[in-house]
Amino acid sequence: GLDWRFRYSGEVRRPTMGIRNKLFLTFLGTFVVLIVAASGFYFFAFEQSLRKYIDERQQAQVERLADHLGVLYAQRGSWDFLLSDPRVLGRLYWLAGDRNTDTEPGKRDRRDAPRHLTLLTADRRPLIGPPPTQQFNRLVPIRTDNDLVGWLAYPDQEAIRDKLDRRFQERQLNFAGWMALVGLALSLLVSWLLARHLVAPVTALSAHTRKLREGDYQTRLGSRRRDELGDLIRHVDSLGERLDQGQKARQRWFSDIAHELRTPLSVLQGELEAVVDGVRPLNHETIAALESEVRQLTHLVSDLHDLALADAGNLRYHFTALDLDTLCEDAVDAVRPAFGRRRVRLRTDLSPARVNGDPVRLRQLLDNLLQNSLKYTDEGGEVHLTLGRDGDDWRLTLNDSAPGVPDDALPKLFDHLYRVESSRNRQTGGAGLGLAIARRIVEAHGGTMEADHSPLGGLRITVRLPL
């Protein structure tokens, strides 16, 4: 129907026609034009056929009459037998006909000469019938042997149509009229069904998007259509699924952030309350413990800030040509003492690699990867860092030993605040932001980052950066 909309100022806008009405009127107009064109063509073809039929029938009838008159003229020697009784011409005319007329058989002999027929002499002087006019433009010669003894003149078919011809024409016109009415009724029905069929998925999509706008991401339309509307419905369902996943991820994100922030704040609050109540003395050890919690909280907030900037595309990068192998050696030298304290063996196999990147962010990437292996590798384990060329990329691979990661956890390692609870807990691990930030850095450099099982029994991280 008509969709009424109002301005916020109270002004009433003009009603806008819905797409269903537009489609209905479009289909109906198309069908009406086709019906009118078909009816007009049918009527034109019928008129032409009827006219040709009457012309041919009249021509044949007059020619047979001319043959009869030629025989009678040869027998009588003149036209006196017609001049004395003009009705003979009428009887001969109807006897020469090849059809039934609306005249009863008993009255044919009393019929006068046809009003549309004129008998002319050889020099074209009228003898019997109405005087010839311009309409009497058809002439048929009357011959006896090879001699011309007269003419029969008659007009075109419009002047000689009888009642049967007109009734037949009226019946055909009525039939064409009923055909047009039936076609119009069918056009109304088909136009309404087509408009309803085409608009139904659009209406469903409109209602579905309204639910999405209101925050209902659970509903799915589902469609088996194979056309563009089916593709659109499936795209909207996919959008709803993505929005649902995003909403759940956002809720989980807020919950995890609150949990991660709550833990160090609770520790700080407990330590400070113990100092205030005199339970714990305010000495160097207490201040060091408080400073450790503040440092952890600051590091967490800094990681959250970097991750938020990376997700928004606002994390700044300053690209320059650098030696990636040298950067890797510096990062390894910085963490080697920490690996030694945990008795984790750190091996490297680095090939010279020249890349274009941000040295600060790439160093952050290496630090996050090495710290991740340091935190989540059992004491006495092994970590192996390799760098080499692989086709058109530089491939950086970091393998560590047990514990490993379950198969279902591999795709989630780069999610925000994700940790494998069985082994990667808060006592040994961090907040689960290091790998997420590392992946954003790799993607900003046009590379890829993947996680898989390591041949050493732990986790393998593969980073590919373009040459």
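In this predicted model, Leu 324 makes contact with Ala 353, Val 355, Leu 362, Leu 387 and Leu 465, not counting its neighbours within four places in sequence. A second, separate core holds 23 residues, and Ala 66, Val 88, Val 140 and Ile 142 are among them.

Back to Leu 324: it belongs to the largest nonpolar core, which has 42 residues. Within that core, Leu 324, Leu 362, Leu 369, Met 449, Ile 461 and Val 463 are the ones that touch the most other members. Quite a mix of elements chips in with two or more residues apiece: on the helix side, H7 (324-341), H8 (359-376) and H9 (434-444); on the strand side, S10 (382-390), S11 (393-401), S12 (448-453) and S13 (457-466). Helix H7 is the top contributor, giving 8 residues to this core. As a rule, nonpolar side chains in soluble globular proteins tend to be buried together.

Now for the sheet. An open sheet is built from 4 strands, lined up as S4-S3-S6-S5 with antiparallel pairing. Strands S4 (126-128) and S5 (138-144) sit at the edges with a single partner strand each, so one side of each has no neighbour in the sheet. From one strand to the next, the twist averages 35°.

The pairing of S5 with S6 can be followed down to residues. Strand S6 covers residues 147-154, and 7 bridges join S5 to this antiparallel partner. One bridge pair is Arg 143 with Leu 148, the latter lying in S6. In general, strands of a sheet pair through backbone hydrogen bonds, whether parallel or antiparallel.

Definitions and conventions:
Residues are numbered from 1 along each chain as its sequence is written. This is a predicted model: local features need pLDDT of at least 70, side-chain atom pairs count only at pLDDT 80 or more; totals for chains, interfaces and linings use all residues. Side-chain values use heavy atoms; hydrogens and water are left out. Two strands pair if DSSP finds at least two bridges between them. Axes are lines fitted to C-alpha atoms, for helices over the stretch in contact, and angles run from 0 to 180 degrees between N-to-C directions. A nonpolar core is a set of buried Ala, Val, Leu, Ile, Met, Phe, Trp, Tyr and Cys residues joined through side-chain atoms within 4.5 Å. Buried means under 20% relative accessible area, exposed over 50%, partly exposed in between (1.4 Å probe, protein chains only). Contact means heavy atoms within 4.5 Å.
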